[in-house]
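Here is a short report for a reader new to this structure. It starts with the whole chain and then turns to single residues.

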Amino acid sequence: MGSAPAQIPTSFGHELRACLRCRLVKTYDQFRDAGCENCPFFKMEEDHERIVEVTTPNFNGIISVMDPSRSWAARWLRIGKFAPGCYTLAVSEPLPEEMQILCQEEHVQYVLPKRM
């Protein structure tokens with residue numbers, strides 16, 4: 001997507017959420033203020049209810065990636081083309097069906113979580 005870095009979480013408490021499509025991790029307030037750097041078509045900064053719809057507080061692990069295109073871990077996690085930032089290793093719930101359709105309309109890949 002881009003080489004401009006995503007926002008780094010300002011807190012590592014219970015207010016963290018992960019984008020269900022790209023797995024970027026930020027606080028609710030950061031998603032509200034700036035949306036998701038990898039998924040701007042979700043327009044989270046315009047529709048605050050969408051944040052709850054396309055992000056989750058339930059995820060496993062966090063990895064920080066400074067140069068996704070050169071990181072073997074980023075390629076293994078399929079985040080090698082995303083913005084540098086903090087990502088979760090796994091989410092356990094799928095993106096809602098209407099948001100999956102939006103991804104198709106925007107011609108962006110969405111991969112269902114392995115564990116559900």
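## Overall fold

The chain has four helices and five strands. This is a predicted model. Starting at the N terminus, the elements follow the order β-β-α-α-β-β-α-β-α. The radius of gyration is 13 Å, close to the 13 Å that the globule rule gives for 116 residues, so the chain is as compact as a globular protein of that length. Its C-alpha trace spans about 35 × 30 × 30 Å along the principal axes.

Buried residues account for 47% of the 116 residues. The accessible surface of the chain is about 6800 Å². Carbon and sulfur atoms hold 52% of that surface. Take the contacts between residues at least 6 apart in sequence: 55% of them join residues at least 24 apart.

## The annotated span

UniProt lists residues 16-92 as "domain: Spt4/RpoE2 zinc finger", in an unreviewed entry. The C-alpha atoms at the two ends of residues 16-92 lie 15 Å apart. Helix makes up 25% of this span and strand 30%.

## The largest nonpolar core

In soluble globular proteins, nonpolar side chains tend to be buried together. Here the largest nonpolar core has 33 residues. Which of them touch the most other members? They are Cys 19, Cys 36, Phe 42, Met 44, Tyr 87 and Leu 95. Six elements are named as giving two or more residues to this core: strand 1 (16-19), helix 2, strand 4 (59-65), helix 3 (72-76), strand 5 (85-91) and helix 4 (97-105).

Look at Cys 36. Setting aside residues up to four places away in sequence, Cys 36 touches Cys 19, Cys 22, Leu 24, Lys 26, Phe 31 and Met 44.

## The loop between helix 1 and helix 2

Helix 1 (28-34) and helix 2 (48-54) are joined by a loop that holds Asn 38. Is Asn 38 buried or exposed? Asn 38 counts as buried because its relative accessibility is 0%. A polar atom of the Asn 38 side chain lies 2.9 Å from the backbone nitrogen of Ala 83.

Pro 40 belongs to this loop as well. Pro 40 has 48% relative accessibility, so it counts as partly exposed. Its C-alpha atom is 20 Å from that of Ala 74, a residue 34 places away along the chain.

Lys 43 is another residue of the loop. Lys 43 has a relative accessible area of 44%, so it is partly exposed. Its phi is near 50°, a positive value in a residue other than glycine.

Met 44 follows in the loop. At 1% relative accessibility, Met 44 counts as buried. Beyond its neighbours within four places in sequence, Met 44 is in contact with Cys 19, Phe 31, Arg 32, Gly 35, Cys 36, Arg 50, Ile 51, Val 54 and Thr 55. Met 44 and Gly 80, 36 residues apart in sequence, are 23 Å apart from C-alpha to C-alpha.

## Arg 23

Where does Arg 23 lie? Arg 23 sits in the loop between strand 1 and strand 2 (25-27). Arg 23 counts as buried because its relative accessibility is 17%, and buried means under 20%. Arg 23 is not a glycine, although its phi is positive at about 75°.

Notes
Residues are numbered from 1 along each chain as its sequence is written. This is a predicted model: local features need pLDDT of at least 70, side-chain atom pairs count only at pLDDT 80 or more; totals for chains, interfaces and linings use all residues. Side-chain values use heavy atoms; hydrogens and water are left out. Buried means under 20% relative accessible area, exposed over 50%, partly exposed in between (1.4 Å probe, protein chains only). A polar contact is a pair of N or O atoms within 3.5 Å; within protein, one must be able to donate a hydrogen and the other to accept it, and residues adjacent in sequence count only if both atoms are side-chain atoms. A nonpolar core is a set of buried Ala, Val, Leu, Ile, Met, Phe, Trp, Tyr and Cys residues joined through side-chain atoms within 4.5 Å. Contact means heavy atoms within 4.5 Å. The radius of gyration is taken over C-alpha atoms; the globule rule is 2.2 Å times the number of residues to the power 0.38. Accessible areas come from the Shrake-Rupley method with a 1.4 Å probe; for residues, only the protein chains shown count as cover. UniProt positions are given in the numbering used here, feature names are shortened, and annotations may be inferred rather than shown by experiment.
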